[in-house]
Amino acid sequence: MANNTTHTTEYRVLARVLLVLMFLTFLTISVTSYHLAAFGVTVALLIAGTKGFLVLTYFMHLKYESLLLRILVSMVFVLYAVIILITFIDYAYR
Amino acid sequence: MDQTKQEPYVSYLEHKGKYTGIRSWIFTLDHKRIGLLYMYAIMVLFFVGAIMGLLMRIELLKPGETIMKPQTYNGLFTVHGIIMIFMVVIPGLSVVFGNFFLPILIGAKDVAFPKLNRFSWWVYIAGCILAILSQFLKNGPPDTGWSFYAPYSTTTGTNVIMATFAAFVLGFSSILTGLNFIVTIHQMRAPGMKFMNMPLFSWAIYATAWTQLLATPIVGITLLMLIAERLFGIGFFNPNLGGDPVLFQHLFWIYSHPAVYIMILPALGVITEIIPTFCQKKIYGYKAIAFSSLAIAGVGFLVWGHHMFTSGMSNQARWFFSLLTFLVAVPSAIKVFNWLATMYKGSIDLKPPFLYALSFIFLFTIGGTTGLLLGSVATNVQVHDTAFVVAHFHYIIFGGMGFAFFGAIHYWLPKMYGRMYNFKRATIAWAIIFVGFNLLYFPQFILGIEGVPRRYFDYLPQFQPLEVISSVGGFILITGLIMMVYNLVQGARKGEIAPANPWHGSTLEWQIPSPPSLENFDEAPVVKSNPYDYE
Ligand code: HEM
Ligand SMILES: [Cu+2]
């Protein structure tokens, strides 16, 4: 495996990301006490999405990877978004 | 390649590593040995599944009870389906020939993660054992069909949990293999092996690997949801608990339609290797074939609803899925036209691998066009859940993927074992298989259009003639299969020593000795051009 340049992230950055993640977890739990009805799911998904983004970017080093790799990973999310959207062509009109 | 070496040549089969005997196989890290291990397991499972199919065909020789009770039949078609789909064809070509030949084709000495590869193989075997256990535990084999449709699968008393868990484990193996192949293709190519210089089989494996990686987690989650519903009464799917059974179908087919591309893409790739070799001609439309693999994999993700036209989906969704299903036929047809154009004015050599490739095109085309019939909503309503569907998918999976698998063995066996099989026997076996196959499945198109439902152990008396023809075809088919395997085993063990390049192929695997050495290449090959350079 040839061209693997390794990048070491500063501990300080990682620690900060960890704090943000913990805060977001706390937020996920606390928003359940407000009754947001259908928006509850949206809010939970948004928070979870942000957390996933942070983990991928910092903990999984995507920030320091090649553009190709970043495009490939984002395509995956586009694909899942499209699949969910299509499923709703059924649910929205049924 | 290099005949002036000092030390005697040692092939991967004779290589002495840390372990000896059976342990040198179970603990091997060599992608070629792992490929063979998968092949042996798959052949055994294939015959177990085929015998179950034959038992069903015996039951259907006459109306009413012939040799088994209805519940036995339900178990048989379920287990037959689970074995054939999850253990034979989904891993199929990609784990056997992908493992063995992908690294060689791109000039690498192994896959990117050999230990992960070995682990995938162990997980695969664990999954197979679990699935086989589910047949013998006390509640009886699952009777849901291989698709595990809810809500029935949430309530039946049979061993559904064990069977779905087995499918979950098998899926894990598939994900890891896909990941391994993607990284292999990105990182391990020999100097000069640009993406556009890769043999087309590698392109097919690449597209397949992405599908494995992205689609399989969905079925994993779905099966876990089903297990959770059964164990804890969480209402995902059962309407009595507030769930939605159509949701199960969505989730299941979001995986299982791409899964048919996991099966068929490597098959298309193998055919694309065989055809230029036996026509001694440059492949026509290299780029079109490479990108059509990606297009099939991509659009294949968006058509799953064509399995659910009659399940109470919204009309808008039916319209959408029908349209996209027609679109996905385009890249498949591109490949067929490219193959035909390659053959045109080639110096065609009707050796056994090429016979399998030709019959593949024939059967795949029948399977594909009947698929369009199923993809159009109006005709689907007529033939849904009838024997027509059974005929259609056997033409695609067995006539397509199965024949490509047999073609691939006949093509690559001299490279894998360094020996050759008997051509005459191979040709006769091929002819028997081809006739038996069509006799077995073609009548089921007619039966289906006449309204005979699938997954029934019984039928009305007026359908008996066609049912009998179909069953007779089954016996002819299995005779040919036994003959083919016998011939291959004989060839691999005692056949004549094969030259390094018996078919005058142009891709990298033919430039190294047969069987290959442990590290495939003495020194990393340098590639300068497109692989299909015939004069
Ligand atoms: C000798 C070979 C084979 C025979 C005789 C055979 C026969 C049959 C029969 C009789 C059925 C049940 C039809 C029904 O009542 O609905 C069936 C179902 C099925 N077969 Fe085969 N088959 C063979 C090979 C294969 C292969 C190679 C595959 C896949 C690669 C396959 C995949 C399936 C699947 C997925 C089902 C549906 C199971 C279900 O309904 O849940 N079969 N086959
Ligand atoms: Cu489909």
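**View 1. Polar contacts between chain B side chains and ligand 1 in a predicted model.** Tyr441(B) places a polar side-chain atom 3.0 Å from a nitrogen atom of ligand 1. Oxygen atoms of ligand 1 are approached in two further contacts: a polar side-chain atom of Tyr73(B) lies 2.6 Å from an oxygen atom, and one of Arg454(B) lies 3.1 Å from an oxygen atom.

**View 2. The iron atom of ligand 1 and its protein donors.** The NE2 atoms of His80(B) and His394(B) serve as the protein donors, lying 2.1 Å from the iron atom. His80(B) belongs to helix H3 (residues 70-89) of chain B and His394(B) to helix H14 (residues 387-417) of chain B, so the two histidines tie together parts that are 314 residues apart in sequence. Both His80(B) and His394(B) are buried.

**View 3. Geometry around the iron atom of ligand 1.** The iron atom is surrounded by 6 donor atoms, and the angles that they subtend run from 82 to 180°. The arrangement is therefore octahedral. For six octahedral donors, the ideal angles at a metal are 90 or 180 degrees.

**View 4. The shell of residues around ligand 1.** A total of 25 residues surround ligand 1, and those that come nearest are Tyr73(B), His80(B), Trp146(B), His394(B) and Arg455(B). By type, the shell comprises 18 nonpolar, 4 polar and 3 charged residues. At least two residues of the shell come from each of these helices of chain B: H2 (31-59), H3, H14 and H15 (423-449).

Note on methods. Residues are numbered from 1 along each chain as its sequence is written. Chains are lettered from A and ligands numbered from 1 in the order in which they are written. This is a predicted model: local features need pLDDT of at least 70, side-chain atom pairs count only at pLDDT 80 or more; totals for chains, interfaces and linings use all residues. Side-chain values use heavy atoms; hydrogens and water are left out. Donors are N, O and S atoms within 2.8 Å of the metal (3.2 Å for Na, K and Ca); water is not among the atoms, so sites may look incomplete. Four donors count as tetrahedral if all angles lie between 85 and 135 degrees; four count as square planar and six as octahedral if opposite donors are over 155 degrees apart and all others between 65 and 115; anything else is irregular. Helices (H or I, at least four residues) and strands (E, at least two) are DSSP runs, numbered from the N terminus. Buried means under 20% relative accessible area, exposed over 50%, partly exposed in between (1.4 Å probe, protein chains only). A residue is near a molecule or strand if one of its heavy atoms lies within 4 Å of it. A polar contact is a pair of N or O atoms within 3.5 Å; within protein, one must be able to donate a hydrogen and the other to accept it, and residues adjacent in sequence count only if both atoms are side-chain atoms. Ala, Val, Leu, Ile, Met, Phe, Trp, Tyr, Cys and Pro count as nonpolar, Asp, Glu, Lys and Arg as charged, and the others, Gly among them, as polar.
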